[in-house]
Amino acid sequence: MKNYSNVTIFDHPLVNHKIAILRDEKTSMKEFRELIEEITTLMTFECLREGVPTTERVVKTPLETCTQRVVKDNSIVIVPILRAGLGMVNGVHVLFPSARVGHIGLYRNEETLEPCEYYCKLPDGIEDKLVLVVDPMLATGGSACDAITKLKERGCKNIKFMAVIGAPEGVSRVAETHPDVHVFVSTLDRCLNENGYILPGLGDAGDRLFGTK
Ligand code: PRP
Ligand code: URA
């Protein structure tokens, strides 16, 4: 895959360790859900290093008064792509409990692999927030591209996208279609199979999170 200035591949030993357990077909639904949350929290820490709206607050310590930079209230909105993106919401909420949540419902047509929208509900004022779009799987990139386009149509200007596992095809597609959006992926897998599943991947993230198979 080409090098993109708007793509970060984590490849961090702690995250990789958790991804090994996540991939394992024997991992239970409970453990899978917990791992997705933990990985999301670790990713969020790095993903929000830049671009977070901050302000100054005066703090009185036991010794003196100082000015400290803090995250601006109500400045971040999490947007999970349903269903599997829901599994990442708590992982961000651990760090930003008051972040509002918008939902975009997309499913991939199993034959064409094209995303179909079935739901969209976004918080008022989202246009002025930092929008963190989350989905564990970035396969062809169709779902991520459509969700980001939808947010831009709504007026959002500060968007980041976070996925646990990415395929080169999907990462390139999002990076090129939306060069203004930073894409964060924990790990870059080899390729897609003929059904659009990521190899080696982890299977169907939605099914493993919610026990639907
Ligand atoms: C999965 C996944 C992404 C999408 C990725 O969702 O959670 O949203 O596929 O594939 P793409 O990059 O090729 O668009 P799916 O459509 O299976 O729906 P689900 O989350 O409801 O299971
Ligand atoms: N969606 C998934 O859940 N898994 C894949 O490998 C690809 C898309």
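## Backbone contacts with ligand 2

A backbone N or O atom of Gly-203 lies 2.8 Å from a nitrogen atom of ligand 2, in a model that is predicted. Two further backbone contacts can be described in a similar way, although they reach oxygen atoms of the ligand: a backbone N or O atom of Ile-198 is found 2.8 Å from an oxygen atom of ligand 2, and a backbone N or O atom of Ala-205 is likewise placed 2.8 Å from an oxygen atom of ligand 2. When ligand 2 is taken alone, it exposes 240 Å², and the protein buries 88% of that area.

## The surroundings of ligand 2

The space that ligand 2 takes up is the largest pocket. The residues around ligand 2 are Arg-108, Met-137, Ala-139, Gly-196, Tyr-197, Ile-198, Gly-203, Asp-204 and Ala-205, so that Gly-203, Ile-198 and Ala-205, whose backbone atoms were described above, belong to this group. Sorted by class, the shell around ligand 2 consists of 5 nonpolar, 2 polar and 2 charged residues.

## Salt bridges

Turning to contacts between charged side chains, a search of the whole structure finds 11 salt bridges. One salt bridge joins Glu-34 to Lys-30, and the closest N and O atoms of this pair are 2.9 Å apart. Both Glu-34 and Lys-30 lie in helix H2, which covers residues 29-47, and they are separated by 4 residues, or about one turn of the helix.

Terms used: Residues numbered from 1 in each chain as written. Chains lettered and ligands numbered in written order. Predicted model: local features only at pLDDT ≥ 70, side-chain atom pairs only at ≥ 80, totals over all residues. Heavy atoms only, no water. Near = heavy atom within 4 Å. Polar contact = N/O pair within 3.5 Å; in protein donor to acceptor, adjacent residues only side chain to side chain. Areas by Shrake-Rupley, 256 points an atom, 1.4 Å probe, with all protein chains shown as cover. 1 Å grid on protein atoms, 1.4 Å probe; cavity = no way out; pocket = protein on both sides within 12 Å on 5 of 7 lines; lining within 4 Å. Sits in = over half its atoms within 2 Å of the grid points. Nonpolar A, V, L, I, M, F, W, Y, C, P; charged D, E, K, R; others polar. Salt bridge = Lys/Arg side-chain N within 4 Å of Asp/Glu carboxyl O. Helix = DSSP H or I, 4+ residues; strand = E, 2+ residues; numbered from the N terminus.
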